[in-house]
Amino acid sequence: MMNYLIILAGAMMIIAAVFAVEAKKILDAVIAMSVVSLVSVFLFIAMRAPDVAITEASVGAGLVTAVFLVSLFKMKGGDEQ
Amino acid sequence: MRRFYAILIAAALVYMLISFISTVPSYGKADLKERVSDAFLSKSVNAQNTKAWMEGKAIHRQPAKEIYGKKVKEEGSANVVTSIVVNYRSFDTLGEVTVLFTAALGVGLILGGSRRKQYGREANFVLKTSTGILVPLIIMFGAYIFVHGHLTPGGGFPGGTIIAMASLLLYLSDEKFFLSKASTGALEGSMGGTYVIIGLLGLAIGGYFLYNFLPNGVVGNLVSAGIVPLVYVAIGLKVGAELSGLVTDLHSEKEG
Amino acid sequence: MMVLLIVLPLIFAFLAAIKKSFSYPLLVTSTVVNVIIVLLLKTSVPSVHVLGGWKPPFGINLVLDDASYYAVLIANIVFFLVALFKETVGKYSTVLMVMLAAVNGFVLTGDLFNSFVFLEILTATGVILASKRENYYNAFKYLVLGSLAGSMYLLATIFTYTQVGSLNMAHASYFAISEKAIVVITILYLVGLGVEAKLFPLNGWVSGVYGGNDLSPLVMATAVSFAALYMMGRLFLTVFGGYALHILYVLALITIVAGELAALYQKNLLKTLAYSSIAQAGIVLAAISKSTEKMVSLAYFHLTNDVIAKFVLFLVATFLVYNYKNLNGVFKKHKVLGTAFTISSMSLIGFPLFAGFQSKLRMLMEMFKTSDYLFPAVLLFATVIELTYLVRWNVKLWFEDIEDESEVKGPALRATISIILAILLVGIFLAPNIILNPTTKVAKALLDSTSYINNVIASSMGGM
Amino acid sequence: MVFWISAILIGIGVYGLLTQKNLFKQLISLSIIDTAVNIFIIAVGYVDNGKAPIYSKAVPKFMEGAFVDPLPQALVLTAIVIGVGVLALGASLLVKVKEKHSSIDVENMKGVGE
């Protein structure tokens, strides 16, 4: 059961990562990146690493996304491709 | 063409990593007996012999005994990850704190504004009222996380980040809100100094930098594990101040 | 005692965050104190400090032996000299303090993960220094490469952990890692360190960072570069004794050729020096990869000469570039600076009478003895190109007609320090043993992994 | 299996670094590589049926195979925070790049000559 969940999470991460790299709009890419981080939180929990999961959720997914979004806002949307 | 080469290089890297996987113990089969973590888990580092350990033989193993709720001479945190982060490998954590310090410093130097950037937009009513209620709760939660770092998952870094999130919320909800650099800088600097001074006290008392000079107490109690909670509180406050400073820099602009 | 080298600059940096206006005096204090501590440490080589009292391989330990002592000595002196230039340091004194701590930690540490942490601090501080004078894009390029290299370094570290079972360098050196694993580990470390050591495909950042402002080349072309090349020797000679050296050799030769050719076609003085710095790093790496005591010793001898020469060259060049619009004939106005510049460039080329001659000639002779002719050929080729562009620059700066009539007041401190160091280069030519003796000890310490391991093991038997 | 996921993610990140002309995308690729490396490290320390390395009333004593490896977790804690520091630095640099060169796309940036 757990294995299937991990495979599902992995597939989600890979799809999100490809989307993050290839997306046309940077905002979408940032969101996809935070999806990768958030799904990795699930993997960390599945691998019995609650400390890492909390840190990744607050620092990795939360703060990085916030910092990216604020700086993106400051650049007035970056430039779209 | 560029894409083709990129795919080639990435594929080569992935191939290299995957070919290495065969030499790593397969997933879920890690053998801790061959790793130093065994001693961290059983809290028996002092009982080990370096030379014998390196030769991979005569590993001194203590019979399994109760650790939770007992006094353990060597190390007193219930959370083994914390015991590694803040005690066995505390020097790494000092470096980690320094990286964040450097990053906050760098963002300040690069963006370096002295007043709040105005976008001329009012936050809506729901955000404003809920911020008023949430901010104290968030700060309390962050403090809880770093105070209990040696007992439960969490610790100084997530705790500090959660506190910084409170200040981010304040920035989002209030156009006028502005933390002064002097206050966050003072908290950041003094807490960083506290960490180093705790380490230097260890050097003075025990002869080793970051030596745990306080009694370990009973594993699982709030007041236990010697310097670990002190260090984690210092880290939590420092990270909170640092990241709040970073958020401040992101919301500021240069005068004029 | 040696831990103070890392901790004192850090605590000064934290204090500087409380009161910004004290940061420059604190920087000067910390560099002076650090130089004094280094000189005092001379008597306690070799020794090991066990952090927190946790014996290796469980805890982290700092190792001070002949090799790391020499690297720390050079790095701290460089930082002391840089700290004297108040104008140049500007707002960046806190960053420099953190960087000093990171360089010392990176050199002294005996733990792989700990060295990763310090490597990342080096990258972060380097990026901040590089962003001076609005050099943002180049700083960003450095950040991307440095961070990618950091990830590879971390991967290599964790691979080592799965094989060895600890993160301790002495343990990794002692442990017989399987053939298949060590190939991947060393390649990843090569990528991880290659960025800081300016190895061929990874040195795209150098010209932008060294050529972008007046502070970063002074520190990064000297102290940081020395620390990175020291770590190269430590990892590839002491810890992973002898693996992947042939890859390093080939890449280093390509680095030399590519660096010199890029320098030849470069029109910007600072960037020319940056590319020349890449080529010199290539020479040092090629010599290290030969892994004989003579060659390794000569490698660090050559590196020392290069560090001194580059410090003078960048000291003079940054002053000129940021004060004059046109550089033609500026040395007519600054004769002392010009003399120092010429002496240093002659040393870089390897003219007799200057330090570079000693190191290059000895390297050639040593290589002919082992009948390896590829490296001498590349070295001679490099020398010819260096001769071309450095003489061209010297002629331009001394003899062409002055176009920028303005005259900036003679910088007394800069002139004094650069001429003293330039005279030192002549001194090294006359008495090469003042540098060769310590570097021979460095080579012995790097190649003798048994005594390195024994030092670390002995530290666990009690005592400090 | 988790190893494969992280290896592929690292590959995607490197591919993104090499192909993307937009600097923000490069930063995002770096963040993906960071995450992938962290997953790899944690997976190296996983033990089947092992528990999180925290002593509590339910697991009061040390037994072989009872816990997953705590050391990689400690390393990842450090690595995450370091990654965040570097990424924040990069984001602030990009704000300034945009101000100075009026674009963050390598092909449209003004004033970036030799």
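This tour moves through a predicted model, beginning with chain D and then turning to the chains around it.

**Stop 1: chain D alone**

Select chain D and hide the other chains. A cartoon view shows three helices and zero strands. Followed from the N terminus, the elements of chain D run α-α-α. The radius of gyration of chain D is 20 Å, well over the 13 Å that the globule rule gives for 114 residues, so the chain is more spread out than a compact globule. Rotating the C-alpha trace of chain D displays its extent, about 65 × 25 × 20 Å along the principal axes.

Keep chain D selected and consider its residues. Of the 114 residues in the chain, 69% count as buried. Contacts within chain D may be examined next: of those between residues at least 6 apart in sequence, 53% join residues at least 24 apart.

**Stop 2: chain D with chain B**

Which chains share the most contacts among the five pairs that touch? The pair is chains B and D, and chain B should now be displayed beside chain D. Here 53 residues of chain B are in contact with 45 residues of chain D.

On the side of chain B that touches chain D, select helix 1 (2-21), helix 2 (37-41), helix 4 (80-88) and helix 5 (90-111) in turn; these are the elements of chain B that give two or more residues to that side. Helix 1 of chain B merits a separate selection, as it gives the most to this side, with twelve residues. Colouring the chain B side by residue class separates 35 nonpolar, nine polar and nine charged residues.

**Stop 3: chain D with chain C**

Hide chain B and display chain C together with chain D. At this place 20 residues of chain C are in contact with 26 residues of chain D. Select helix 6 (112-130) and helix 7 (136-164) of chain C, each of which supplies at least two residues of the side that touches chain D. Which helix of chain C gives the most to that side? Helix 7 does, with 13 residues. By residue class, the chain C side facing chain D divides into 14 nonpolar, four polar and two charged residues.

**Stop 4: chains A and C**

Finally, display chain A with chain C. How far apart are the nearest C-alpha atoms of these two chains? They are 15 Å apart, and chain A and chain C do not touch.

Methods. Residues are numbered from 1 along each chain as its sequence is written. Chains are lettered from A and ligands numbered from 1 in the order in which they are written. This is a predicted model: local features need pLDDT of at least 70, side-chain atom pairs count only at pLDDT 80 or more; totals for chains, interfaces and linings use all residues. Helices (H or I, at least four residues) and strands (E, at least two) are DSSP runs, numbered from the N terminus. The radius of gyration is taken over C-alpha atoms; the globule rule is 2.2 Å times the number of residues to the power 0.38. A residue is buried if 20 or more other C-beta atoms lie within 10 Å of its own, exposed if 12 or fewer, and partly exposed in between; C-beta atoms are placed from the backbone. Two residues are in contact if their C-beta atoms, placed from the backbone, lie within 7 Å. Ala, Val, Leu, Ile, Met, Phe, Trp, Tyr, Cys and Pro count as nonpolar, Asp, Glu, Lys and Arg as charged, and the others, Gly among them, as polar.
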